[in-house]
Each structure stands twice: as C-alpha cells, then as structure tokens.
Amino acid sequence: MPRRIIIDTDPGLDDAVAILLALAAPGELGVLGIVAVAGNLPLAQTERNARRVCELAGRADIPVYAGCARPMLRPPATAEHIHGETERDRLLLPEPTMPLQALNGIDFLIETLRAAEAGVVTLCALGPLTNIAMALVKAPDIAGKIGELVIMGGAGFELGNVTPAAEFNIHVDPHAAAIVADGGVRITMIPLDVTHQVLSTPPRIAALRALGNRCGAAVAELLISFEKNRSARFGTRARALHDPSVIAYLLRPALFGGREVNVAIETQSPLTLGMTVVDWWGITGRKPNVQWMSTVDADGFYDLLTEKLARLP
Ligand SMILES: [Ca+2]
C-alpha cells in the first residue's frame, strides 16, 4: 500500500520537479490530490502550473485544487523574477486539458483528513503555509489526523534567501507558519541548510537529459532555467534545488539527517520577519516541535531523482 500524500504547492520550477518525483514513485506514494497556494507566482498561475505538470507526467487523473490567493495578513509577495516563464520555458509544459476541481483546496484538506484514519495521510508543503494554517484554523481536529507534515522552509545556520534572516516560504506568510508550528502536528522541516547542499550541477542535469523521456528532458530544461536566475550566488554554475527534497525524504529518509528541536517563527520584527528561530542547543527549555533536517546525501538524492524520473513518459 503506497503512503498517501497531499502536495500543497506553488509551482514554481522546483515545485514542478517535486511533483514529477512524487508521480514517478506510484509504488511508494499515492498522491490523493494537489492543492495550489499563492507563493512563487499568483494562485491563478500556480494552480494552472500544477495541472500542466500532471499533464506532462500523463497523470490528468490527479485532482488539483486551488487554495488561498494571498497570505493571512501580509500583502502577496511572489518571486516571478525566478519562477516567471520566458517564451522558451512556455514550451516545456503542456497546456492543461484537465479541469481545476470546484471544491476549495482548504475544504479538500479538511474533508480528506477527516475521512481518513489518524496518521495515514502525509502532507507535503512546498510553498507558503497559508492553506495548511487556514485548514488548521477552520478545523483544529485535523491536527491529530495528519501523519506527518513535511515542509520545505526555513533556515538555521544557513540564514535566509529572501532577507538576511528569512527563507522565502516562511517569509511570505510568517503568521501561517507560526500557526502551523504551534498546531500540534508532527512536523519535519527541510530548510535551506539542506537544500543548499542539493546542487543541480551540469553533470547531474546531463544525467536527467540522457534519460531520453519527455519528463527527463523537461526537468533538465527547468533546472537550467532555475540555475540561470541566480547562479552567481554559489560561485559556480550550480543552483540549489529546494522542494524535491521533501519527496526524496519520503522515499529515502536515510538520505537525510537532523535532530528534534523547538522552532519558533518571528512574526513581529521588521528586520527578521519570517525567521525560523531554531533552538539547536536546547537552551530555551521549549518543547521540541520539529524534526529539523541539516544534512543530506546529495549524490544519493540525484541518483534517486534520476532513477525515478526514468519511469515517467
Ligand atoms: Ca515551492
């Protein structure tokens, strides 16, 4: 029986790769649905992109829902300079023929979790946490139903990527992140500390292109687009790959290492808004609420990605 997952996402180049990785492992992961959120791009684009990725994978049967169109308190903030499409990118993903589901994504999350036995549904959060916080506000009883919530977000020793202190997903909606962190859910966080080790180098991209299938070719092109946008940051041609680590963690947890810590979210300070305040040394006495990942076997990650994507069309 595959592990049942719901992917909450804002595609997004790296989100697209994460969705494809999940769809490439049907023996291990059963994708119950995909819920789009505003983040990298406005909601109308993220829900459409989610459907385009499903079409690329030949999985028009996956239900795609739209959730929240803006953060809880803060004004919308996107990253179109990274994730917006050029004319060339537009050819990589097919136009969607599959419909957007009529049910709101928040209600899909609530109804699915309430109907399931406790612990069997895993949530994968690849964007700002608005949808998941809204679902927990509307139906706090679902906290006990979530088997695990695996979040790409936050930064510890690595510091931020959108401000000196904050990582993008948490910074876009820090209030949602604070609700989720305090929501009584079993949380695993995969922060920049991990994803900045998962670099899409030219040889790793070449291995994906060499698969010879349309999904491998599309991922290679997406990673090149992604790499172009901010390659100077790491002083090499490689770029960090964020969201697919969430799916890789579900497929091969042994690739990752970390520890149980308390994580609090800064929601007040203009200087450090959205910072994940990680009590790495256990000095606050606050109870651990997060399994915080800090290490990854990057070669093992790319081997897994390449092996699985070979199974897609
Ligand atoms: Ca994302």
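**A calcium site, a buried glutamate and a few odd corners**

Leu126 is tucked away in this predicted model, with a relative accessible area of just 1%, so it counts as buried. Its backbone oxygen is one of the donors to a calcium ion, which is coordinated by Asp10 (OD), Asp15 (OD), Asp15 (OD), Leu126 (O) and Asp243 (OD) at 2.2 to 2.5 Å. Along the chain, these donor residues follow the spacing D-x4-D-x110-L-x116-D. Leu126 sits in the loop between strand S4 (121-125) and helix H5 (130-138), while Asp243 belongs to the loop between helix H10 (214-230) and helix H11 (244-251), so this pair ties together parts that are 117 residues apart in sequence. Asp243 is buried too, at 2% relative accessibility.

Right by these donors in sequence comes a peptide bond worth a look. Pro11 and Gly12 are joined by a cis peptide bond, with omega at about -15 degrees. Most peptide bonds, by contrast, are trans. Gly12 is found in the loop between S1 and H1.

Next up is helix H5. Its buried residues are Thr130, Asn131, Ile132, Ala133, Ala135 and Leu136. What covers them? Strand S1 (3-9), strand S2 (29-36), helix H4 (105-115), S4, S5 and helix H7 (174-181) are included in the cover over the buried residues of H5.

The loop between strand S5 (146-152) and helix H6 (168-172) holds Glu167. Despite its charge, Glu167 counts as buried, given a relative accessibility of 3%. A polar atom of the Glu167 side chain lies 3.0 Å from the backbone nitrogen of Gly154. Neighbours within four places in sequence aside, Glu167 is in contact with Met152, Gly153, Gly154, Ala155, Gly160, Asn161, Val162 and Leu192. Leu159 also belongs to the loop between S5 and H6. Its phi is near 65 degrees, a positive value in a residue other than glycine. Most residues other than glycine have a negative phi. With a relative accessible area of 45%, Leu159 is partly exposed.

Two other loops bring distant stretches of sequence together. Leu73, in the loop between strand S3 (64-66) and helix H3 (80-83), is exposed, with a relative accessible area of 59%. Leu73 and Asp173 are 100 residues apart in sequence, yet their C-alpha atoms are 7.6 Å apart in space. Pro96, for its part, lies in the loop between H3 and H4. From the C-alpha of Pro96 to that of Arg52, 44 residues away along the chain, the separation is 5.0 Å. Setting aside neighbours within four places in sequence, the contacts of Pro96 are Arg48, Arg51, Arg52 and Glu55.

Finally, there is some empty space inside. How many cavities of 30 Å³ or more does a search of the whole structure find? The search turns up 3, and the largest holds about 120 Å³ of space. Helix H1 (13-23) and helix H2 (43-56) are the elements that give two or more residues to the lining of this largest cavity. The lining is made up of 13 residues, with Leu13, Asn49, Glu85, Leu93 and Leu222 lying nearest the centre. By type, the lining residues divide into 8 nonpolar, 3 polar and 2 charged.

Definitions and conventions
Residues are numbered from 1 along each chain as its sequence is written. This is a predicted model: local features need pLDDT of at least 70, side-chain atom pairs count only at pLDDT 80 or more; totals for chains, interfaces and linings use all residues. Side-chain values use heavy atoms; hydrogens and water are left out. On a 1 Å grid over the protein atoms alone, a cavity is a set of points where a 1.4 Å probe fits but cannot get out, and a pocket is an open set with protein on both sides within 12 Å along at least five of seven lines; lining residues have an atom within 4 Å of a point. Grid points are joined across faces, edges and corners, and a volume is the space filled by probe spheres set on the points. Helices (H or I, at least four residues) and strands (E, at least two) are DSSP runs, numbered from the N terminus. Donors are N, O and S atoms within 2.8 Å of the metal (3.2 Å for Na, K and Ca); water is not among the atoms, so sites may look incomplete. Buried means under 20% relative accessible area, exposed over 50%, partly exposed in between (1.4 Å probe, protein chains only). A polar contact is a pair of N or O atoms within 3.5 Å; within protein, one must be able to donate a hydrogen and the other to accept it, and residues adjacent in sequence count only if both atoms are side-chain atoms. Contact means heavy atoms within 4.5 Å.
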